[in-house]
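Please open the model in a viewer and keep the selection tool at hand. The stops below indicate what to select and what is to be found there.

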Amino acid sequence: MAELKNDRFLRALLKQPVDVTPVWMMRQAGRYLPEYRATRTKAGSFMDLCKNPELACEVTIQPLERFPLDAAILFSDILTVPDAMGLGLRFAEGEGPIFDRPVRTAADVDKLFVPDPEGELKYVMDAVRTIRRELDGRVPLIGFSGSPWTLATYMVEGGSSKEFAQVKGMLYDRPDLMHKLLEVTAQAVTQYLNAQVDAGAQALMIFDTWGGALTPRDYQEFSLRYMAQIIAGLKREADGRKVPVVLFTKGGGQWLEPMAEAGADALGLDWTVDIGAARARVGAKVALQGNMDPCVLYASPERIRSEVAAILAAYGQGSGHVFNLGHGIHQHVNPEHAAAFVEAVHQLSAPYHQ
Ligand code: CP3
């Protein structure tokens, strides 16, 4: 494997010294880029794109050709795992994800199984291998998965949801069933992430997009606990280097202390917490990734710069910060504003690393 030419992302996650603060953007390969839309049209649909390793590699690299990002993230989706568990995923235009066979009953839960990452999910591992080869050591490659709780919301609701009526109904009425579902999903995620490391992923991120919808007690019992179990089962070294793990619970700002105990190297932050305050709470234990409101990218490049400056100042001196957005980049953002964001992070952060 080619030597890594830029390892500041991995170094920052391990709180090792860096020259400038590394930066990448959640959903950096996506619809705000015209070249992504062109490749998706060529592929046919979003899932066809995910299942085609050459085209998935192409869109993974597209944002790196435009911006000097410090990491690449595998182009895929968190819902590949429940799809491989037999739920029948499709993306209806304008409607988001839909599962044809949602999990609603004890019999449905009993039918769930741990998919073979090199079987049903081989297309993901092929994408990881292809991307690693094409990156040729430019920047590290991030592999990822959804958290069991976040995957469960889609598996039980059958798609996106605002109220979580079905999945919370199951959680409150049949906690035994919910735990069974989460347990098999946690095993599936552990194997899936380990296979990504074997295929070449150099860091891992767990997306708990809907953990923040839970009560504090339920967050610990139904989300955090399973993420800690997954992290305990992960391979943490590859090519003689540590494979850092980032844990991101959207809306998890009030739970940073217990999150920092889950075994991850870094916590992802959304924009509702002050990153300086977050560092004071958990800084000795974990690095932090985040946390500019993605909507700032709708404002002018000058305003984007001042917001980057404020977040860098709030984090303060020293390593342990990976700059990112607090959630995925929106599809109507002007790519030139994303360029201004990345440039501002590199230009304005050097004084914090002297
Ligand atoms: O960050 C990246 O560039 C890597 C790619 C990535 C995608 N999805 C591509 C995608 C990653 C890391 C994800 C994770 C994901 N997927 C999450 C967790 C992160 C988050 O955003 O909270 C979730 C909840 C999903 C589920 C999902 N996938 C939904 C709800 C949707 C539809 C939403 C929408 O904006 O339409 C997707 C589709 C999706 N995943 C797209 C992309 C680029 C848009 C699909 C398209 O091209 O039409």
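The tour runs from the nonpolar core through a pair of helices to several salt bridges and ends at a loop. Please bear in mind throughout that this is a predicted model.

**The nonpolar core**

Begin by selecting W24, M292 and F341, the residues with the most contacts inside the largest nonpolar core, which comprises 132 residues. Next, colour helix 10, residues 175-199: this helix gives the most to the core, with 13 residues. In soluble globular proteins, nonpolar side chains tend to be buried together.

Now centre the view on W24 and display its surroundings. Leaving aside residues up to four places away in sequence, W24 touches F9, L69, A71, I73, I142 and M205, together with Q289, V322, F323, N324 and L325.

**Helix 5 against helix 10**

Keep helix 10 in view and add helix 5, residues 80-87. The axes of the two helices, 5 and 10, come within 10 Å and cross at roughly 120°. An angle between 115 and 145 degrees falls in the oblique class, and helix 5 and helix 10 are therefore oblique to each other. Their crossing is right-handed. To see the side of each helix that is involved, select T80, V81 and M85 in helix 5; these meet V184, T185, A188 and Y192 in helix 10.

Remain on helix 5 and select D83, which lies in this helix. Is D83 buried or exposed? Its relative accessibility is 16%, so D83 counts as buried, the limit for that class being under 20%. Beyond residues up to four places away in sequence, D83 touches M47, K51, G88, L89, F99 and Y123.

**Salt bridges**

The model has 22 salt bridges by the rule applied here. Three of the pairs are visited below.

Select R138 and E65, whose side chains meet in a salt bridge with an N to O distance of 3.4 Å. R138 sits in the loop between helix 7 (122-135) and strand 4 (141-146), while E65 belongs to helix 4 (residues 53-66), so the pair ties together parts that are 73 residues apart in sequence. R138 is partly exposed at 33% relative accessibility, whereas E65 is exposed, with a relative accessible area of 57%.

Move next to helix 7 and select D126 and K122. The closest N and O atoms of this salt bridge are 3.0 Å apart. Both residues lie in helix 7, four residues apart, about one turn of the helix. K122 is partly exposed, at 38% relative accessible area. Extend the selection to E118 and R129: E118, K122, D126 and R129 are linked in a network of salt bridges.

The third pair is D265 and K242, with the closest N and O atoms 2.9 Å apart. This pair links distant parts of the chain, 23 residues apart: D265 is in the loop between helix 12 (256-260) and strand 9 (266-268), and K242 is in strand 7 (residues 241-242). D265 counts as buried at 11% relative accessibility, while K242, at 39%, counts as partly exposed.

**A last stop at T215**

Finally, select T215. Where does T215 lie? Its place is in the loop between strand 5 (203-208) and helix 11 (216-232). T215 counts as partly exposed, at 32% relative accessibility. Apart from neighbours within four places in sequence, T215 is in contact with Y172 and W255. To conclude, draw a distance from T215 to T60: the two are 155 residues apart in sequence and 36 Å apart in space, C-alpha to C-alpha.

Key: Residues are numbered from 1 along each chain as its sequence is written. This is a predicted model: local features need pLDDT of at least 70, side-chain atom pairs count only at pLDDT 80 or more; totals for chains, interfaces and linings use all residues. Side-chain values use heavy atoms; hydrogens and water are left out. Buried means under 20% relative accessible area, exposed over 50%, partly exposed in between (1.4 Å probe, protein chains only). Contact means heavy atoms within 4.5 Å. A nonpolar core is a set of buried Ala, Val, Leu, Ile, Met, Phe, Trp, Tyr and Cys residues joined through side-chain atoms within 4.5 Å. A salt bridge is a side-chain nitrogen of Lys or Arg within 4 Å of a carboxyl oxygen of Asp or Glu. Axes are lines fitted to C-alpha atoms, for helices over the stretch in contact, and angles run from 0 to 180 degrees between N-to-C directions. Angles under 35 degrees count as roughly parallel, over 145 as roughly antiparallel, 65 to 115 as roughly perpendicular and the rest as oblique. A crossing is left-handed if the near helix is turned anticlockwise from the far one by less than a right angle, and right-handed if clockwise.
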